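Here are a few exercises to work through with the structure open beside you. Try each one before reading its solution.

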Amino acid sequence: MKTVRLTAAQAAIRYIAAQKNEDGETFIAGMWAIFGHGNVAGIGEALHAARDTLTTYRGHNEQSMAHAAIAYAKQLGRRRAMAVTSSIGPGATNMVTAAALAHVNRLPVLLMPGDVFANRGPDPVLQQVEDFGDGTVSANDCFRPVSRYFDRITRPEQLLTALPRAFRVMTDPADCGPVTLAFCQDVQAEAYDWPESFFDERIWRRRRPRPDENELADAIEAIRAASRPVIVAGGGVHYADACATLKAFAEKHAIPVVETQAGKSALPWDHPLNLGPVGVTGSASANAICEEADLVFGVGTRFQDFTTGSWALFRKKRRILALNVQPHDGTKHDAQALIADADVGLKLLSEGLGSWKAEAPAPALKEDWFRAADAVTEAPAVDENAHPTDMQVIGAVQRAARENTVVMCAAGTMPGELHKLWKAGRPGSYHMEYGYSCMGYEIAGGLGIKMAEPDRDVVVMVGDGSYMMMNSELATAVSMGVKITVVITDNRGFGCINRLQMGTGGAEFNNLLDHTHHVNPSHIDFVAHAASMGADARKAGSIAELETALAEARAAKGPFVVVIDTDPYPTTEAGGYWWDVAVPEVSDRQEVNAARKAYENALKERT
Ligand SMILES: Cc1ncc(C[n+]2csc(CCOP(=O)(O)OP(=O)(O)O)c2C)c(N)n1
Ligand SMILES: [Mg+2]
């Protein structure tokens, strides 16, 4: 056997660079790195030597670097991913939140935190967490519950099994998620005689599992037995590249489609069978169809509470059929499962259904919805004293959007409003991280999206709260010359949580900055802050000025930031659905007692 002598870190990087997707691209498109004593000597040396085959990028925070990596993979429909390496201790635990984000959203990312010395010689090293009762524990054990595959590399040759497992998980549509290879720092630097064949190019095909014959027959029967079926399209439709197949399926069988946050843009917004967004942040049209449906046919959806209205929307006794590549999702809430790739499953179902058709919904439902939605997004009459609403901001961004625009967001007021109001034209034009809804995903995520699809115009919608939580990859976008447009809606605090607090009978408390414990009122200058990092930044005093700024953004060479003050209180009243948020059973506040009563009634209705 021919062998080659390399350090474990050099071998890992060489292996990673040899793994391809079915389009012949390297599956891992680059590695984000912040070095420390846990990775600079080992992985750092290997990355430098391999810099022509695997690009290294440096960000400003391990979590947000991982956000960029994860957004990259999401935007490319999991066809490619990125890796992130950190030092031991704080650098590693900074990535744990991002690991959870990837885990919830079923997105691939390869995390390689440094770890303590396997030989324990210098214990405790700087930043080592010491467990008094377990010698095998390190800070990296935090990754276990939020990794689809976790391994600790304590001997070089463990990579011979760990790395193929890592790529199997990241490229498996059912198991897809974050992989953590915690890499002991002394092992990174240790040499080993590797079989040369380990570094042969390998292609990881997207597996498209076919359904079990009996499950398929049962699913066909379930659809045939329905008179008012509805399709709930989730993120799996995108990841299986099944948007065109879904459209054909819906058209042939006249079944209306509603979209989850991850599923949105599967069908164009103006397709007659796209009834719009479903659930808590859904349209009146989609939710009306769901309320009346006798079969809820989920395709590639996790059925999270925002989709199901905490299951109140689907409360009547009805059948749930779930086409999903992952049995865990396919059997939720007693769903009848059809375990298969979405594209393959829909095609086989359609064959089996033949010319069977449901009754298409009346067009009036959609027309009514858009009348309501358009009313809240149109430009307001000029009023010097009033702040615009977030909905009006969406209207301005929508009017400035082009065919190739992708709008993105993760947390705050905007995800719900965008779900309701954004008119997504084509697959991939709407990128919402609403599995973990992680504040701080936005700017780094925008960077990752633009790296994935440089020809797209990327518009990042971010609230002042999320911006404050994590903004430093804006400087990375500046230094890398990556052009993104960032719209900061400054309502001076956590607007959506303030409204949720009021909605559950709470006093306005600790959400808007004016309601926090403070001595000096807050006057954060977001324009100056963004400009200090090198972005082209300006303030829009009105929706008209926002439209002007968005037109200017086109000519910008790098990141372009526009800040607009918005009103923290209004939201789109039309549409929406109940969301289960537990209200205190006893309280001195009258408002809480009233909210509790309403809550108990809603719970009764659900059951
Ligand atoms: C990391 C993280 N912490 C806390 C939350 C809970 N949370 C959701 S939205 C939100 C406030 C967001 O404020 P901002 O970005 O200004 O948006 P707004 O609602 O004001 O439009 C909070 C605290 C979260 N989603 N993510
Ligand atoms: Mg805010």
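**Exercise 1.** In which loop is the place of Trp311? Then work out whether Trp311 is buried or exposed.

Solution. Keep in mind that this is a predicted model.
- Start with the location: Trp311 is in the loop between α12 (305–308) and β15 (319–324).
- Next, look at the backbone: phi of Trp311 is near 75 degrees, which is positive although the residue is not glycine.
- Now the cover: buried means under 20% relative accessible area. Trp311 has 16%, so Trp311 is buried.

**Exercise 2.** Do the same for Arg492: what is its phi, and where does Arg492 lie?

Solution.
- Phi of Arg492 is near 60 degrees, again a positive value in a residue other than glycine.
- Arg492 lies in the loop between β20 (485–490) and α21 (495–503).
- With a relative accessible area of 28%, Arg492 comes out as partly exposed.

**Exercise 3.** Take the salt bridge between the side chains of Glu22 and Arg206. Which parts of the chain does the pair tie together?

Solution.
- Check the distance: N to O is 3.9 Å, and the cut-off for a salt bridge is within 4 Å.
- Place the partners: Glu22 is in the loop between β2 (19–21) and β3 (28–33), and Arg206 is in the loop between β10 (202–204) and α8, so the pair ties together parts 184 residues apart in sequence.
- Glu22 is partly exposed, at 36% relative accessibility.

**Exercise 4.** Now take the salt bridge between Glu600 and Arg596. How many residues apart are the two in helix α24?

Solution.
- The N to O distance here is 2.7 Å.
- Glu600 and Arg596 sit four residues apart in helix α24 (residues 590–606), so about one helical turn separates them.
- Compare the cover: Glu600 is partly exposed at 33% relative accessibility, whereas Arg596 is buried at 15%.
- Back to Glu22: salt bridges with shared partners join Glu22, Arg205, Arg206 and Asp241 into one network.

**Exercise 5.** Which residues form a negative surface patch, and where is Asp218 placed?

Solution.
- The patch is made up of Asp212, Glu213, Asp218 and Glu221.
- Asp218 is in helix α8 (residues 213–225).
- At 43% relative accessibility, Asp218 is partly exposed.

**Exercise 6.** Which peptide bond from Asp123 is cis?

Solution.
- The bond runs from Asp123 to Pro124, with omega near -10 degrees.
- Pro124 is in the loop between β6 (109–115) and β7 (149–153).

Definitions and conventions. Residues numbered from 1 in each chain as written. Chains lettered and ligands numbered in written order. Predicted model: local features only at pLDDT ≥ 70, side-chain atom pairs only at ≥ 80, totals over all residues. Heavy atoms only, no water. Patch = residues over 30% accessible without salt bridge, like charges linked within 9 Å, V, L, I, M, F, W, Y side chains within 5 Å. Areas by Shrake-Rupley, 256 points an atom, 1.4 Å probe, with all protein chains shown as cover. Lys, Arg positive; Asp, Glu negative; His and termini not counted. Charge placed at Lys NZ, Arg CZ, Asp CG, Glu CD. Buried < 20%, exposed > 50% of the residue type's maximum accessible area, 1.4 Å probe, protein only.
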